[in-house]
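Here is a friendly walk through the cross-links and charged pairs of one protein model. Have the viewer open while you read, and follow the residues as they come up.

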Amino acid sequence: MVTNKCSYTVWPAILSAARSLPVHTPGLVLQPGDTNTIQVPPTWSGRLWGRTLCSYNITGSFTCVTGDCISSTVECGGATAPVTLAEFTLNGTGGLDYFDVSLVDGFNLPLVVEPRSAIGAENCRATGCRRNLNKKCPVELQVIKEGESVVGCKSSCEVHEPCSNNSNLFSHFLKTRCPDAYHNASFTCVSADFTITFCPAFSKRKFPAGVVERSSHYVLLLLMKILIPIVFSVSILSCCACNIWYRSPNRECRINMFFGRAKAKTHDPQQNTANSIVEMVDGH
């Protein structure tokens with residue numbers, strides 16, 4: 001199931017691997033909010049991606065600004081970088097369905113693959129890149145269409161050769177924004193159907209319970225380090241205030257540092273006995 005949640009039209013493209021049966025999707029186009037279902041063989045390998053800013057030129061050839069197939073038709077024979085790729089191997093080794101989202105060839109639009117009606121291990125879960133990397137793409141990697149904003153983000157390997165010496169820019173960029181795609185991690189399920197979503201809603205990843213517990217512990221320690229000096233400082237200031245208001249050779253000020261109580265005692269030099277006691281509690 002392929003869904004377009006982008007604010008623009010997407011032309012999905014699908015390409016079968018060399019030893020897999022071809023999957024035909026003639027004229028498949030998704031307007032914003034549209035969903036379509038693609039049937040593939042039970043045992044199949046291939047990739048799927050989205051093309052953007054597509055049109056027929058004056059010669060009748062079908063071309064796209066990103067994800068173009070170089071075939072001059074809606075049917076595809078391969079993807080032109082930069083492009084966000086969803087890759088599948090269904091009923092592969094051990095009868096498992098393998099899938100991943102790859103940014104090895106760059107990025108053109110957010111994409112997430114989510115397994116449905118499947119069983120599997122811990123890594124039978126959604127993966128992909130929810131962020132629009134075009135908005136923060138490094139300048140030297142940007143693909144800009146005339147009259148448009150940035151429409152794609154190239155891989156460093158496409159810009160520099162050899163890419164192994166100059167790939168840190170794009171790698172660091174991916175690592176901090178789309179870690180699953182950065183690591184090119186492969187996920188596995190059993191007998192899965194899949195939902196592929198272009199421009200899915202972005203949500204911050206939740207931390208595991210153990211991380212939350214440790215974070216709470218650190219926050220508590222930090223608060224203690226902040227509050228204890230504040231309480232001590234307030235006590236000192238209270239003492240200073242008491243001595244100012246009751247400054248006299250015949251008076252004394254006592255501060256209870258822990259309970260915040262100040263006492264001022266007045267002495268009568270004639271009788272040599274205390275005739276009054278003033279207590280200041282909570283500012284009174």
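Helices and strands here are DSSP runs numbered from the N terminus, a helix having at least four residues and a strand at least two. With that numbering, glutamate 140 sits in the loop between strand 9 and strand 10 (142-144). Please keep in mind that this is a predicted model. Glutamate 140 is partly exposed, its relative accessible area being 44%. From its C-alpha atom to that of cysteine 153 the separation is 9.1 Å, and the two residues are 13 apart along the chain.

**Disulfides**

How many disulfides does a search of the whole structure find? The search returns 5. As a reminder, a disulfide is a covalent bond between the sulfur atoms of two cysteines. Three of these links are worth a closer look, and the table gives their geometry.

| Cysteine pair | S to S distance | Torsion about the S-S bond |
|---|---|---|
| cysteine 54 and cysteine 64 | 2.0 Å | about 110° |
| cysteine 124 and cysteine 189 | 2.0 Å | 110° |
| cysteine 129 and cysteine 178 | 1.8 Å | 50° |

Take the pair of cysteine 54 and cysteine 64 to begin with. The torsion about its S-S bond is about 110°, so this disulfide is right-handed. Cysteine 54 belongs to strand 4 (residues 44-56) and cysteine 64 to strand 5 (residues 62-66), so the pair links distant parts of the chain, 10 residues apart. Both ends have their own accessibility value: cysteine 54 is buried at 11% relative accessible area, and cysteine 64 is buried at 9%.

The link of cysteine 124 and cysteine 189 is right-handed as well, with 110° about the S-S bond. Cysteine 124 lies in the loop between strand 8 (111-116) and strand 9 (127-129), while cysteine 189 is in strand 12 (residues 187-189), so the disulfide ties together parts that are 65 residues apart in sequence. Is cysteine 189 buried or exposed? Cysteine 189 is buried, because its relative accessible area of 0% falls under the 20% limit.

The link of cysteine 129 and cysteine 178 is right-handed, with a torsion of 50°. Here strand 9 holds cysteine 129, and cysteine 178 is found in the loop between helix 2 (168-177) and helix 3 (179-182), so parts 49 residues apart in sequence are tied together. Cysteine 129 and cysteine 178 are both buried.

**Salt bridges**

Side chains of opposite charge can pair when their charged atoms come close. The count of salt bridges in this model comes to 2.

One of them joins glutamate 87 and arginine 47, with 2.9 Å from N to O. Glutamate 87 is in strand 6 (residues 85-90) and arginine 47 in strand 4, and these distant parts of the chain are 40 residues apart. Glutamate 87 is buried at 19% relative accessible area, whereas arginine 47 is partly exposed at 29%.

Arginine 125 forms a salt bridge with aspartate 180, and their closest N and O atoms are 3.3 Å apart. Since arginine 125 lies in the loop between strand 8 and strand 9 and aspartate 180 in helix 3, the pair ties together parts that are 55 residues apart in sequence. Arginine 125 counts as partly exposed at 36% relative accessibility, and aspartate 180 is buried at 12%.

**A polar contact**

Serine 102 has its place in strand 7 (residues 97-102) and is buried, at 3% relative accessibility. A polar atom of the serine 102 side chain lies 3.2 Å from the backbone nitrogen of valine 104.

Technical notes
Residues numbered from 1 in each chain as written. Predicted model: local features only at pLDDT ≥ 70, side-chain atom pairs only at ≥ 80, totals over all residues. Heavy atoms only, no water. Disulfide = S-S within 2.5 Å. Buried < 20%, exposed > 50% of the residue type's maximum accessible area, 1.4 Å probe, protein only. Polar contact = N/O pair within 3.5 Å; in protein donor to acceptor, adjacent residues only side chain to side chain. Salt bridge = Lys/Arg side-chain N within 4 Å of Asp/Glu carboxyl O.
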